[in-house]
Amino acid sequence: MHADRVNRFALALAGLLILAAGAAGMAASTGVLGAGFSRRTLLENPASRYIGHHGGWLWPSVAAACLLLALACLRWILALLASTDRAGDITIPGDTGQGTTIMQPAAITDALTREISAYHGVDTAKGRVIGDSRSPEIVLTVTPSPSADLHALHHRIETEALTHARQALGQPSLPIQVDLV
């Protein structure tokens, strides 16, 4: 999912910035930045004096920057909450003269997981439909029993259950990912 990559990047960047600030504080306190700098208190430094002299315009600028940062964070959170990779209702291709057939994603995943769960050597099966409703993808997670023949089980899932799903949706090249975990 695209949001996962963005989240990892943003969190890694924030972590690096916090790490750099902590390293700079440690370096300043140990005298790496000069012996005189390490003996000063936090408020007795040039940066504090600068802020004191230019506070009339500096603090409103800092507040505006914080507001922009808060709005960016709010947008990020809303994007995470509102985004989903799940597909909507799937339209089955066919003759539109007699109407349109629409299938809910849960119907196809329920049928698939029920069929696969009934196979010998399967403990559990879960599924979901992702992507666009016009070109959906199915992701299945199958937990085989410890004594299952994985090659035979995978072959049966491919030749029977997945073929049935592709026929039901009228999409012979429907991408289906099967994870045996």
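**View 1. Strands β4 and β5 pair up side by side in this predicted model.** Strand β4 (residues 135–144) and strand β5 (residues 176–180) run in the parallel sense, joined over 5 bridges. Want one pair to look for? V142 has L180 in β5 as its bridge partner. Now bring in helix α6: together, β4, α6 and β5 make a β-α-β unit, and that unit is right-handed.

**View 2. Here are β3 and β4, paired in the antiparallel sense.** How many bridges hold this pairing? β3 and β4 pair over 10 bridges. To find your way around, look for G127, which stands opposite L140 in β4.

**View 3. Step back a little and you get an open sheet of 3 strands.** Their order is β3-β4-β5, and the pairing is mixed. Which strands stand at the edges? They are β3 (122–132) and β5; each has a single partner strand, so one side of each has no neighbour in the sheet. From one strand to the next, the twist averages 15°.

**View 4. Two helices, α5 and α6, pack on the strands.** Helix α5 touches β3 and β4, and its direction makes about 155° with that of β3. Helix α6 lies across β3, β4 and β5, running at about 150° to β5.

**View 5. Now look at how α5 and α6 pack against each other.** Packed helices in general are described by the angle between their axes and the distance between those axes. For α5 (residues 105–117) and α6 (residues 150–169), the angle is about 160° and the axes are 10 Å apart. Angles over 145 degrees count as roughly antiparallel, so that is what α5 is to α6. The crossing of α5 past α6 is right-handed. On the α5 side, the residues that meet α6 are I108, L112, E115 and I116; their partners in α6 include I157, L162, H164 and L169. Sorted by class, this contact has 9 nonpolar, 1 polar and 2 charged residues.

**View 6. Last stop: helices α3 and α4, crossing at roughly 100°.** The axes of α3 (residues 46–53) and α4 (residues 55–82) come within 6 Å. Parallel, antiparallel or perpendicular? The crossing angle makes α3 roughly perpendicular to α4. Four residues to spot in α3 are Y50, I51, G52 and H53, which make the contact with G55, W57, L58 and W59 of α4. By class, the contact has 5 nonpolar and 3 polar residues, with no charged ones.

Key:
Residues are numbered from 1 along each chain as its sequence is written. This is a predicted model: local features need pLDDT of at least 70, side-chain atom pairs count only at pLDDT 80 or more; totals for chains, interfaces and linings use all residues. Side-chain values use heavy atoms; hydrogens and water are left out. Axes are lines fitted to C-alpha atoms, for helices over the stretch in contact, and angles run from 0 to 180 degrees between N-to-C directions. Angles under 35 degrees count as roughly parallel, over 145 as roughly antiparallel, 65 to 115 as roughly perpendicular and the rest as oblique. A crossing is left-handed if the near helix is turned anticlockwise from the far one by less than a right angle, and right-handed if clockwise. Contact means heavy atoms within 4.5 Å. Ala, Val, Leu, Ile, Met, Phe, Trp, Tyr, Cys and Pro count as nonpolar, Asp, Glu, Lys and Arg as charged, and the others, Gly among them, as polar. Two strands pair if DSSP finds at least two bridges between them. A crossover is right-handed if, with the strands pointing away from the viewer, the path from the first strand over the helix to the second runs clockwise.
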